[in-house]
Every structure is written in structure tokens, then in C-alpha cells.
Amino acid sequence: MTTHPIALAIHGGCGTLPKAEMSEAEWAEAKADLALSLKAGWAVLGKGGTAVDAVEAAVLVMEDSPHFNAGHGAAFNADGEHELDASIMDGSNLAAGALCCVKRIRNPVSAAKALMRQGDPLLLAGPAGDTFAEAEGLDMVENEYFSTDRRRKNLSSMKIRELVGSASEASEAEKHGTVGAVARDRDGHLAAATSTGGYTNKPPGRVGDSPIIGAGTYARDGRCAVSGTGKGEFFIRYCIGHEIASLMAYKGLSLEEATRQAIAELTTHKIGAGLVAVGADGSIVAPYNSEGMYRGWITPDGFVHVATHGEVELAGQVEAA
Ligand code: ASP
């Protein structure tokens, strides 16, 4: 059987803070967590593991990190609670699992994978998702586990903006963020996973694009795997993940061109948007239209790359693909 070089890319959301608002130590920690996430996913792929297990492993690290809007560190909704959305998709057979508005699952991405393995249903909402995860024996936490001081400040500032009518002027960092990963494994299979707290001050019950297969998450062998970040309502309207795969399949566009077109379309709505994607050939792209996007990838020679804004930094070397 032919083996394929492995490929992995991640994002930690396009809601990056302006550099002036984060201490040097916090920047260093966020970048270190991006590198840890990449290394966790790469370790799975390096051992011959599946793309699905690799994207789960990578997303798990970012869910556990306080620096990204997913799991611990998730945004607050308007009621001061956390409602989390996540999904995962296996490009080899189009199997997928997703949860939305869950409140007690420490790592929603693992619950999405467990649901995918079960096969049917594909998407569980609210308490049903929490109950499913509990029955699966996954780690359950109190809702406060997800809270951090920074997100609390974001909620207060968004509430004030709401009162004075300046919500549309909020920075991407005040509003949102998400984490996601895409991978190709040694068998050439693709997978994508995405996890988020949604946007700050969102109405309770609001569901974004991250748990919507074809919108914020999509993977299909022979085409691409995509994980998005940005104003979810528009990712849903354009079915961004599926749109990119279709532009490649029906129009013959390259991954780079298809993702460029998708981001350009979203940009016409003046919203922050970004994504990571991997092609069937293992090529990787990470376009965004905002000031920055937490992101990273490992090149075939094993160099770990992480970035927050324009510049890309080396964060070590691992085994080559
Ligand atoms: N896409 C996420 C949502 O709309 C938020 C984000 O990525 O910033 O829930």
C-alpha cells in the first residue's frame, strides 16, 4: 500500500488580540500552546495514526489552553454562561459528529468524535450532548471551568458597547475566536475538527458554523479538509467548507485559489474570517482577512511554524513527514 507524507495545520481563531493588549509572557504562552497542539497531532500521524485522531489530539490541546476561545477560555454568552460548539469529520467516509450549546463537556471535540463513531445521530444539541458525553465516560466539568478573566472582561466591554451602540466597532479579539485542525494521514485520508465558544455576548441558544458540517468544518478525501474561524452566520450562508471543496471539484481550482475566493466572498460582508485547509496532495493554506490569526503548521521537513500576525516563527523541529 502506498504511504503518503503526513500533513497538519491548525488555527486558534482570527480573533487575535492586538499585540499591545497582551503581555510578552502571554504571547509566548499562546505560541507555545500552538506548537504543543501541532506536536500532539503530528505525533499521532507520525505513528501511522488516523487524520481523525490527529485533529482531535491537536484541538484538545487548544481546548485546554486558556488562550483560545474553545474549552477552557471560551467566550461568555449574554447570560454569562458558556455554550460550546464542536465538530469533527472523516474525509475517508464522510462520517461526522457534532455538538452545539453544550455546557459541561471539558473537551467537546472528543465528544464529537465519540458521536461520529456511534454513527447516528450526527449532531446533538444542548443537554442531550452533555448527557451523551457523560454516558460515554468523557471528562465532565462545571460550566465555570471554562471561564477566564480575559473573557469576563470581553463580556463587560461588549455589554457596555451594546448599551452605547458601538458593538459593531468591537475588535475581533473582543468578539470571538475558535480553534481547529486539518490533517492528512499516511493512508492519504483527510480530516477536520473545529471547536469554539462562539462569540462574546451571543444570545443563549445561538449556534455558529463550527458544528455545522459543510460550513465551519468539512473533509472529503480527494478534495480537501477545512476548518474555519470568523462570523459563523456567514460561513453557514456560504457553506464555506463545502464551497471550497466544490470549487476544487467542479471548477478545478487549486486549494489556494478556492480558499482565496471563499475568503474574498466573506470579506465583502466586512466580517473577520480565516481558515486552515489541507489538500488531497498534502498542501496547506491558512488565509485570513483580519489583523491576525493564531495559526501553525508543520512542513514536510519537520519544521514547526507558528504565527499570530504577519510574521511566521519557527517553534522547533520534529520528525519529517
Ligand atoms: N466561527 C465562530 C462562530 O461563529 C466564531 C469564530 O471563529 O470566531 O461561532
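Where does the ligand sit? In this predicted model, the ligand sits in the largest pocket. The legends below describe close-up views of the ligand, the pocket and a cavity.

**Figure 1. The residues around the ligand in the predicted model.** The ligand is surrounded by a shell that begins, in sequence order, with H176, G177 and T178. T196, G198, R206, G208 and D209 also belong to this surrounding group, as do T229, G230 and G232. Sorted by class, the shell around the ligand holds nine polar and two charged residues and no nonpolar ones.

**Figure 2. Polar atoms of T178, D209 and G230 beside the ligand.** T178 places a polar side-chain atom 2.5 Å from an oxygen atom of the ligand. For D209, a polar side-chain atom lies 2.7 Å from a nitrogen atom of the ligand. G230 takes part through its backbone, with an N or O atom 2.6 Å from a nitrogen atom of the ligand. On its own, the ligand has 270 Å² of accessible area, and the protein covers 99% of this area.

**Figure 3. The largest pocket, in which the ligand sits.** This pocket contains about 430 Å³ of space. Its lining is made up of 28 residues, and those closest to the centre of the pocket are K175, H176, Y199, T200 and K231. H176 is also among the residues that surround the ligand.

**Figure 4. Elements and residue classes in the lining of the largest pocket.** Three elements each give two or more residues to the lining: α5 (149–164), α6 (172–175) and β8 (224–230). The largest share comes from β8, which supplies three residues. By class, the lining of the largest pocket comprises five nonpolar, 15 polar and eight charged residues. Nonpolar residues are thus present in the pocket lining, whereas the shell around the ligand has none.

**Figure 5. The largest cavity of the model.** How many cavities of 30 Å³ or more are counted? The count comes to one. About 80 Å³ of space lies in the largest cavity. Its lining consists of 12 residues, with G15, H67, R150, R151 and Y294 nearest the centre of the cavity. By class, the lining of the largest cavity divides into four nonpolar, six polar and two charged residues.

Methods
Residues numbered from 1 in each chain as written. Predicted model: local features only at pLDDT ≥ 70, side-chain atom pairs only at ≥ 80, totals over all residues. Heavy atoms only, no water. Near = heavy atom within 4 Å. Polar contact = N/O pair within 3.5 Å; in protein donor to acceptor, adjacent residues only side chain to side chain. Areas by Shrake-Rupley, 256 points an atom, 1.4 Å probe, with all protein chains shown as cover. 1 Å grid on protein atoms, 1.4 Å probe; cavity = no way out; pocket = protein on both sides within 12 Å on 5 of 7 lines; lining within 4 Å. Sits in = over half its atoms within 2 Å of the grid points. Nonpolar A, V, L, I, M, F, W, Y, C, P; charged D, E, K, R; others polar. Points joined across faces, edges and corners; volume = space filled by probe spheres on them. Helix = DSSP H or I, 4+ residues; strand = E, 2+ residues; numbered from the N terminus.
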